[in-house]
Amino acid sequence: MKRILIIDGLNAFIRSYSADPSTTPQQIPVGGVRGFLKILQKMVRITAPDRVFICWDGEGGSQKRKRMFKDYKQGRNPLTLNSQIKANAEDDLKNRIWQETRLVEYLNNLPVIQLMVEGVEADDLIGFLCKDSKFEDYQKVIVSNDKDFIQLCDDKTILYRPVKEQILNIKTILDEYNIHPHNFVLARAMVGDNSDNLPGVKGAGLATIAKRFPFLKEGKEYSLEDILKSSREKLHEQKIYKEVVQDREKIKLNHRVMQLQYRLVTLEQKKKIFQGIKGAECIFSKPLFAKLASEDGMMDINFDDLFHYMEKIVIDNCPDKK
């Protein structure tokens, strides 16, 4: 079975940006770039992919979600450099922009496909790749710490969470959460998501939801109406059932916002995604990549595994570049 590696670009960059205090020889913070490239090398070594996709948030984020809920993702704490690096908010922002730009320079010298479409979140680009018929027979490996992607896991799709070094598939998700991936977004709609400013039902955590709605572990995809029906039948058994019925509109909104579906990508945006895939240049410039690594003080990293799999991608997908 062919395999594609799909990386949530900003998610892979963010943790290293804050956690890694590495600097260039000129003392410019570069931990986000360094950490991202190490994750990329590790993942191509583990998965041996036929192609690599890196998805970035488009300018403005998801406009459809913001129309559904105007406070979507409001109130997030700003991203800051590692505490070992003394910098103010302005320096943080300037360096983050520089690091993200620098990372794209590295990636432009590799035969990876970078996707970014205005008004579309990376989440929806990833959902699109996982559900599009072009990759129906491929195994998909998503790399992100975001639990939102659990809803995409199936017989051909797995999620790798770098922070926990955790591989999530149907079995491991059922073992950990007692909730089937098909019903995970419904469970999370009840729990809410503080990181996206989506409040949940009072007292609802994933463990509580799994216990009070045990049918969610089944492979059948359940709806909010199934949840409400079950809750109304048990109103006097546990307080959670009453809370769910009272907060049904909140749950309904959360469910709509959290779903990764084609409907959140317009026809015009889909065309741009296909153009991005079809028009991606199969470039592998080892000398230019190495030059950047030398300038940024990364020659202590052995990139042989990354280079080996990038060469294989070129050979298998870009015959004119052999």
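## Close-up views of a predicted chain

**View 1. Asp-137 counts as exposed, with a relative accessibility of 55%.** The labels used here are buried for under 20% relative accessible area, exposed for over 50%, and partly exposed in between (1.4 Å probe, protein chains only). You are looking at a predicted model, in which local features need pLDDT of at least 70 and side-chain atom pairs count only at pLDDT 80 or more, while totals for chains, interfaces and linings use all residues. Residues are numbered from 1 along each chain as its sequence is written, and side-chain values use heavy atoms, with hydrogens and water left out.

Which residue does Asp-137 pair with in a salt bridge? The partner is Lys-156, and the closest N and O atoms are 3.6 Å apart. Asp-137 sits in the loop between helix 5 (122-131) and strand 4 (139-143), and Lys-156 in the loop between strand 4 and strand 5 (157-161), so this pair ties together parts that are 19 residues apart in sequence. Lys-156 is partly exposed, at 28% relative accessibility. A salt bridge here is a side-chain nitrogen of Lys or Arg within 4 Å of a carboxyl oxygen of Asp or Glu.

**View 2. A salt bridge joins Asp-305 and Arg-45, at 3.3 Å from N to O.** These two residues link distant parts of the chain: Asp-305 belongs to helix 14 (residues 304-317) and Arg-45 to helix 2, 260 residues apart. Both ends of the bridge are partly exposed, Asp-305 with a relative accessible area of 31% and Arg-45 with 39% relative accessibility. Helices (H or I, at least four residues) and strands (E, at least two) are DSSP runs numbered from the N terminus. The chain has 14 helices and 6 strands.

**View 3. Arg-188 and Asp-193 form a salt bridge, with their closest N and O atoms 3.3 Å apart.** Are these two partners buried or exposed? Arg-188 is buried, with a relative accessible area of 11%, and Asp-193 is buried too, at 7%. Across the chain of 322 residues, 51% count as buried.

**View 4. Arg-188 also helps to line the second largest cavity.** Its companions in the lining are Lys-147, Asp-148, Gln-151, Phe-184, Val-185 and Met-258. About 40 Å³ of space lies inside this cavity. On a 1 Å grid over the protein atoms alone, a cavity is a set of points where a 1.4 Å probe fits but cannot get out, and lining residues have an atom within 4 Å of a point. Helix 7 (residues 181-191) gives the most to the lining, with 3 residues.

**View 5. The second largest pocket has a volume of about 390 Å³.** It is lined by 19 residues, and the closest to its centre are Arg-15, Ser-16, Gly-35, Lys-38 and Ile-39. A pocket is an open set of grid points with protein on both sides within 12 Å along at least five of seven lines. Points are joined across faces, edges and corners, and a volume is the space filled by probe spheres set on them. Helix 1 (9-19) and helix 2 (31-47) each supply at least two lining residues, and helix 2 has the largest share, with 7.

**View 6. Arg-102, Glu-105, Lys-291, Glu-295 and Asp-296 are linked in a network of salt bridges.** How many salt bridges are there by this rule? The count comes to 17.
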